[in-house]
Every structure is written in structure tokens, then in C-alpha cells.
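Thanks, everyone. Let's take a quick look at this one, starting with the empty space inside.

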Amino acid sequence: MGAEVVSAGLVDTPQAARQAGATLAAERVDVVMLYTATYATSSQVLPVVQAIDAPVVILNLQPTRTLDYEAMTTGEWLANCSACCVPEIAGAFTRARIPYRTVTGTLLDGDPAWGVLREWLDATYAVHSLRTARIGFLGHTYPGMLDLYSDFTQVHAQTGAHVEVLEIDNLVDRVEAAGADAIASKGEEIRQTFDLADGGVDPIAAELTPELFEWSARVAVGLDGLVEDFELDGLTYYYRGVGGKIAERVAAGVIVGNSLLTARGVPTSGEGDPKTNLPMLLLDRLDAGGSYTEFYALDFDDEFILMGHDGPGHLAIAEGRPVARALKLFHGKAGAGLTIEMKVRLGPVTILGLTQTAAGRLKLIAAEGESIAGPTFKIGNTNTRIRFKSGPTEFFDAWCAQGPTHHVALGIGHQLSRVRKIADLLGFDLTVVE
């Protein structure tokens, strides 16, 4: 299943438990899979997990689905006695304030328990990626968007991720230093990835000139250098700039390059919103994408919500080929340039938001819906029609009741089962809106 296993062997005495705890603690494991092979007292288990700062999943996996009751021997019964000690261990863990979850089933191929176990490993991988991530913060948060403002110490303390504060000059230097060969190569990548649109119905649409195309390619090269030099796993950015100076021009040229970064696993979020960058990374590590998104409009006739954003999208989960469109003016942003149109793949989707409570705790909000077919805007934005179970009115009011930020990560597939496990592993509250 893609996990690296550290085995502490068979533990059947309190002394062996202490040795096992020391072994696993030294390896800094991300999760403890505790397989109850037969009966054991809880004193043979508790010292192991007390030594390790990692969540525990108790595997109550019986070798057989049923027993031969007439021919049963004591030895064969004990070989199938995995369930006997699980309530005892659960009781001891509860009194010791050690969080745990159980997975019950059999060892047989095809048992549903193996699917649950895989979800725990997927969630553990995503959480490990978050806890070890370096998130670049380039520029500043969009002025006045109070829901987005973040305490970087809070992010470090509650997620383990590192926020690397960057200057716009860090990017400007790399854009100006981009070589001709690298720019040409990036231009070819852009042509292979996007349909290039010329004009459109929007009066702020512009002609896609060679100079504008070359500038987006140059900035994309600079972004690649920024990510490589600062070893970034994600990037949140916003810089207003003034008067057409170089910083403003660079900040206006990042959309194409950031879309390419997001597609290859370095999620980028605009408007200086690091809180949404984190669920984008989580969904990406679940192979679900994670596109930067907000609520655009409600359609009360066809009962869907239009969701999207100006700026980068997660190209790996696009429905069809994304479009690069030139604009004379960005709405709500300084400057002009090349931007991206795309919709998320049709079918099941999940939105995942990260917000902050009044007490200062980070909290996840999630919902499952359906990406449906139909026309969307052609204004250089990502746009997806999403239908939720409860309809736009009830859903929207229920979502807002949770005190969200106005951005979310939008991913493909129904991911709530794995998202619940991620919340467990992080120790975050999770609210599901239906």
C-alpha cells in the first residue's frame, strides 16, 4: 500500500512493550498500527503508545470469517481471539487520554477492512505531507479580507507546516534572470497544456500578443526557480504593486505559472490565503486535486452553485483542456495579463475549507457534491457548476453558519471518509455540510 513499515515485532510482556515503544519512537513513525493477533493484557500495550507521539489505529482483524464450533480447540480459538482484548485496550487508552480508532474485519483478501486500512494510510500520507510542508507566503494578504488573515505561529503550532515568508523581490530577481532557453521551453509547455484564446465576449478581454505570452512564460520560469530555491511544497501569494512597476507586472503574470505548479503538486492560492493552501495540499496528496475556489453565484432554477476563482486552477482535474485568455484588466487585482479558464471534471466532487474559530483553533469544513455539465463564464476564471444534496439555499446558509473563510479547495471524488480520518489525525474539528 505504499507505506514504509517499522516493525517492533511480537509484544507479549510489559518489558517487551517498553522496548517496542523505544524502537518506534526512535523511528518517529507517523501512525501506529496495533494488530491484536490474540489476547493480550492492556499492560502489554499501553507502554508502547505512551512512548510515541503518534495516533493509534487498532487492527481487530480475525483470520477467519467463522469458526468450526464443533471441532474447536483452545489453541485454534486463541488464534481467532483478536477481538477479546480490543475493548480492554480501548478502555485503558481512554483513561490514559490516548486517542485511538479501531478497524474490525478479517485478514482475508477482499475484506472491507482492507479498504478502511488503506484510507487510514492515505490520510496519514496527506497529514505527513502537511506536517512536513514548507509553504511560501509571497507578498501580503489581500487588504480588507479579514477572514483570510492568519497567525503564522498558529499554523506552525497546529499543523506542523512551516511558513516561509518571501519578498516580492525574491520572485522579481528570478524572473529577470530567466534565460532564453528556459523561457522557450516553458512556452512550449504552455502551448501543450492550454488552448490559447483570443478575445471573447467580455469587453476586458485582450489580444494574446507574443509579448504577453512571453512574459507569462518568463514569470513561470521565475516561479519554478522560487519553488526550487526555497524548497516549497505550496505557495500562497498576493502583491498589489503600483504604477506598472516591475513588482506589479510580475505579480500580474503569475497565473499561468502557478497553474502549472499546482498541477504538479505544488498548490498555489491567491489573495494571500494560506489557510486554503493547506486543504489544497491535503486534497492533492489524496490524488483528488484541490483547486482554489470560492462561491460565485447561485442558480435557483437549476439548483446548483457556480464555484470558481480568478487565478490558477488545478489543471490535473480539469474537464477538457484548460484555456489561457488574455485580459486588459484583472477584476479586483492590479495589472493585466494571461489568465486561466477551466472547469473541474464532471462527476463527484468534494469541497474542503479551513477556517479559524473565535478561540483560535483551526477547523475543517467539508461537503460532497456533483460537478454537472452546462455553460460557465468565459471571463478568464475557473468555473464549475456544483449541485449539493440540500439545494443552493439550504446548503449556502448551512455553510455560512460555520464561520468559514470565503475560499475552499475543490477536489474530485467523494472524499469525506478520508477527510474524516485526516481530521482525526490532525486533531481538528470537522463539520460536514450536506
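**Cavities and a sheet**

This is a predicted model. Start with the largest cavity: 18 residues line it, and Tyr237, Tyr238, Ala251, Val254 and Lys333 lie nearest its centre. Three elements each give two or more residues to that lining: strand E7 (234-238), helix H10 (246-252) and strand E10 (304-310). The volume is about 210 Å³. By class, the lining splits into 11 nonpolar, three polar and four charged residues.

How many cavities of 30 Å³ or more are there? The count is five.

Next, the second largest cavity. Its volume is about 50 Å³. Among its lining residues are Leu138, Ile168, Leu223 and Asn258. Tyr237, Tyr238, Ala251 and Val254 line this cavity too; we met those four at the largest one. Strand E7 gives the most here, with three residues. The class split is nine nonpolar, one polar and no charged residues.

Now the sheet. Three strands form an open sheet, ordered E1-E2-E3, with parallel pairing. Why do E1 (32-35) and E3 (100-106) each have one side without a neighbour in the sheet? Both stand at the edges, each with a single partner strand, so one side of each is left without a neighbour. From one strand to the next, the twist averages 25°.

Look at the E2 and E3 pair. E2 covers residues 56-62, and seven bridges join E2 to E3. One bridge to find on screen: Val57 has Arg101 in E3 as its partner.

Last, helix H4, residues 86-95. H4 lies across E1, E2 and E3. Relative to E2, H4 runs at about 170°.

Methods: Residues numbered from 1 in each chain as written. Predicted model: local features only at pLDDT ≥ 70, side-chain atom pairs only at ≥ 80, totals over all residues. Heavy atoms only, no water. Pairing = 2+ DSSP bridges. Helix = DSSP H or I, 4+ residues; strand = E, 2+ residues; numbered from the N terminus. Axes fitted to C-alpha atoms, helices over the stretch in contact; angles between N-to-C directions. Contact = heavy atoms within 4.5 Å. 1 Å grid on protein atoms, 1.4 Å probe; cavity = no way out; pocket = protein on both sides within 12 Å on 5 of 7 lines; lining within 4 Å. Points joined across faces, edges and corners; volume = space filled by probe spheres on them. Nonpolar A, V, L, I, M, F, W, Y, C, P; charged D, E, K, R; others polar.
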